[in-house]
Amino acid sequence: MTGPLSDPSDPDFYALVATARTVLGAGIGDDPDTWEAAVGPDHLDVPGDGLLRRDHGLVEISFAPAPGGRMACFGFGVKIHRLIHDRTRRTVPSPLSRRYGPFAPRIRFDELRARVTGLGHTVETDDGTGDIHRYRVAESGARIFVIADPDPYARGDHEPPGPQDHQAGDVWSIDVSPAWWDPR
């Protein structure tokens, strides 16, 4: 991390998610109460087919039934793309703001990759489409999705991207799932 540990920033948070596979200590296998203790009580629950998706704005967690009748996290993502249009500053859960300070509306992939590699991890290309490139943190299995084409429908009827528009090279999201942990 570039700053001192006593003063972490939003890029430090993203790098920790990509390398440690946790958000303020909560991670895969943890129940909804553990996640709520970490990220706060403000969320939207979206149940369906025995599963639960809990949306905390920037952080979105998926739960499934686990042994003992409890629900357990089987995947989560940090949806950075939501920040660019966040006029109310409610997208970032308050425990994250308290720990990491204000969150910028975007992070460039080059900056995130530098922070991840600075923590001793490797970022490798992992497929993608023409619109989104996908990268994998080799040691953690986390996936980083990066905007490759901010105008995927080739409308071409918009002005050049401004500060409040998604741009090629912006990180769209960071996603964590045990299905990606094992090396290929």
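**Exercise 1.** Which residues are exposed on the other side of α4? Use the predicted model.

*Solution.* Start with the buried residues of helix α4 (residues 109–118): Phe-109, Leu-112, Arg-115 and Val-116. Viewed down the axis of α4, these buried residues fall within an arc of 130°, so they line one face of the helix. An α-helix has 3.6 residues a turn, so residues three or four places apart point the same way. Now turn to the other side of α4: the exposed residues there are Asp-110 and Gly-118. After the helix comes Gly-120, with a positive phi near 90°.

**Exercise 2.** Describe the ring pair of Phe-13 and Tyr-14, then place the two residues in their surroundings.

*Solution.* A pair of aromatic rings is described by the distance of the centres and the angle of the planes. For Phe-13 and Tyr-14 the centres are 5.6 Å apart and the planes make an angle of 55°. Edge-to-face requires over 60 degrees and stacked under 30, so the pair of Phe-13 and Tyr-14 counts as tilted. Both residues are buried. Ring pairs join them with Tyr-100 and Phe-103 in a cluster. Over the face of Tyr-100 lies Arg-99, 5.6 Å from the ring centre.

**Exercise 3.** Which residues have the most contacts inside the largest nonpolar core?

*Solution.* This core has 37 residues, and those with the most contacts inside it are Phe-13, Tyr-14, Trp-35 and Ile-174. Helix α1 (residues 10–20) supplies the largest share of the core, five residues. Next, list contacts of Ile-174 beyond four places in sequence: among them are Tyr-14, Val-17, Phe-76, Leu-112 and Ile-144. Of these, Leu-112 is one of the buried residues of α4.

How values were computed:
Residues are numbered from 1 along each chain as its sequence is written. This is a predicted model: local features need pLDDT of at least 70, side-chain atom pairs count only at pLDDT 80 or more; totals for chains, interfaces and linings use all residues. Side-chain values use heavy atoms; hydrogens and water are left out. A nonpolar core is a set of buried Ala, Val, Leu, Ile, Met, Phe, Trp, Tyr and Cys residues joined through side-chain atoms within 4.5 Å. Buried means under 20% relative accessible area, exposed over 50%, partly exposed in between (1.4 Å probe, protein chains only). Helices (H or I, at least four residues) and strands (E, at least two) are DSSP runs, numbered from the N terminus. Contact means heavy atoms within 4.5 Å. Rings of Phe, Tyr and Trp (its six-membered ring) pair if their centres lie within 6.5 Å; planes under 30 degrees apart count as stacked, over 60 as edge-to-face and the rest as tilted. A charge sits over a ring if NZ of Lys or CZ of Arg is within 6 Å of the ring centre and within 35 degrees of the ring normal. The arc is that of the directions from the helix axis to the C-beta atoms.
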